[in-house]
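Biologist: Could you take me on a close look at the largest pocket of this model? I would like to hear what lines it and how the parts around it are built.

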Amino acid sequence: MKILNKRQMGEIIRFGIVGVLATLIQYLVYLIGYNFIGTNIAFTLGYIISLFFNFILSNYFTFKTSPNKEKGVKFLLAHGFNYGLQMILLNFFNFIGIYKAFSPFLVYSISIPVNFLLVRKALLNKDK
């Protein structure tokens, strides 16, 4: 069994910090905007702003890399995959009868580690 090294543990902790902040940004934009521009537009705007914030901080803070177009595309693909995975898992857990207020926690327990690995792969060079 491989034990995580100090750098990897730091990445995981920083990934969590960035994820919490990005989620708060998305939610705050949604709260501020849904009465003025509608729920779907406010949610989407919050997602886009949070995704930009997440990309910048994931590069500079979480993985200590520099952003570029290639990493941006890979990051978007990773988050697109993660969004799809979350929707599939959520609907699956609801279909099999998991309490709807609890099923997101099961979704996150699977999708967050997967997203960490995908984003890490998208942003780090192959030599790391």
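**A close look at the largest pocket**

Modeller: Happy to! Along the sequence, the chain of this predicted model runs in the pattern α-α-α-α. That makes 4 helices and 0 strands, and the C-alpha trace spans about 45 × 35 × 20 Å along its principal axes. Of the 128 residues in the chain, 30% are buried.

Now to the pocket itself. The largest pocket holds about 930 Å³ of space, and 26 residues line it. If you want to find its centre on your screen, look for T23, Q26, N82, Q86 and Y108, the lining residues that lie nearest to that point. Each of the helices α1 (6–37), α2 (39–62), α3 (69–95) and α4 (103–123) gives at least two residues to the lining. The largest share comes from α1, with 10 residues. As for character, the lining has 16 nonpolar residues, 10 polar ones and no charged ones.

Let us follow α3, one of the helices that supply the lining. With 27 residues at 1.5 Å a residue, α3 should span 39 Å, and its end C-alpha atoms are indeed 39 Å apart, so the two values agree. At the start of α3, a side-chain oxygen of N68 comes to within 3.1 Å of the backbone nitrogen of E70. After α3 comes G97, with a positive phi near 100°. The buried residues of α3 are K71, G72, F75, A78, H79, N82, L85, L89 and F93. An α-helix has 3.6 residues a turn, so residues three or four places apart point the same way. Among the buried residues of α3 is N82, which you have already met as one of the residues nearest the centre of the pocket.

Two other buried residues of α3, F75 and A78, belong to the largest nonpolar core. This core has 10 residues in all: F15, L51, F55, F63, F75, A78, F116, V119, L123 and L124. Helices α2, α3 and α4 each supply at least two residues of this core, and the largest share, 3 residues, comes from α4. In soluble globular proteins, nonpolar side chains tend to be buried together.

Finally, back to α1, which gives the pocket lining its largest share. Helix α1 also holds E11. With a relative accessible area of 2%, E11 falls under the 20% cut-off, so E11 counts as buried. The side chain of E11 has a polar contact, at 2.9 Å, with the side chain of R7.

Methods
Residues numbered from 1 in each chain as written. Predicted model: local features only at pLDDT ≥ 70, side-chain atom pairs only at ≥ 80, totals over all residues. Heavy atoms only, no water. 1 Å grid on protein atoms, 1.4 Å probe; cavity = no way out; pocket = protein on both sides within 12 Å on 5 of 7 lines; lining within 4 Å. Points joined across faces, edges and corners; volume = space filled by probe spheres on them. Nonpolar A, V, L, I, M, F, W, Y, C, P; charged D, E, K, R; others polar. Expected span 1.5 Å × (residues − 1). Buried < 20%, exposed > 50% of the residue type's maximum accessible area, 1.4 Å probe, protein only. Polar contact = N/O pair within 3.5 Å; in protein donor to acceptor, adjacent residues only side chain to side chain. Core = buried A, V, L, I, M, F, W, Y, C linked by side-chain atoms within 4.5 Å.
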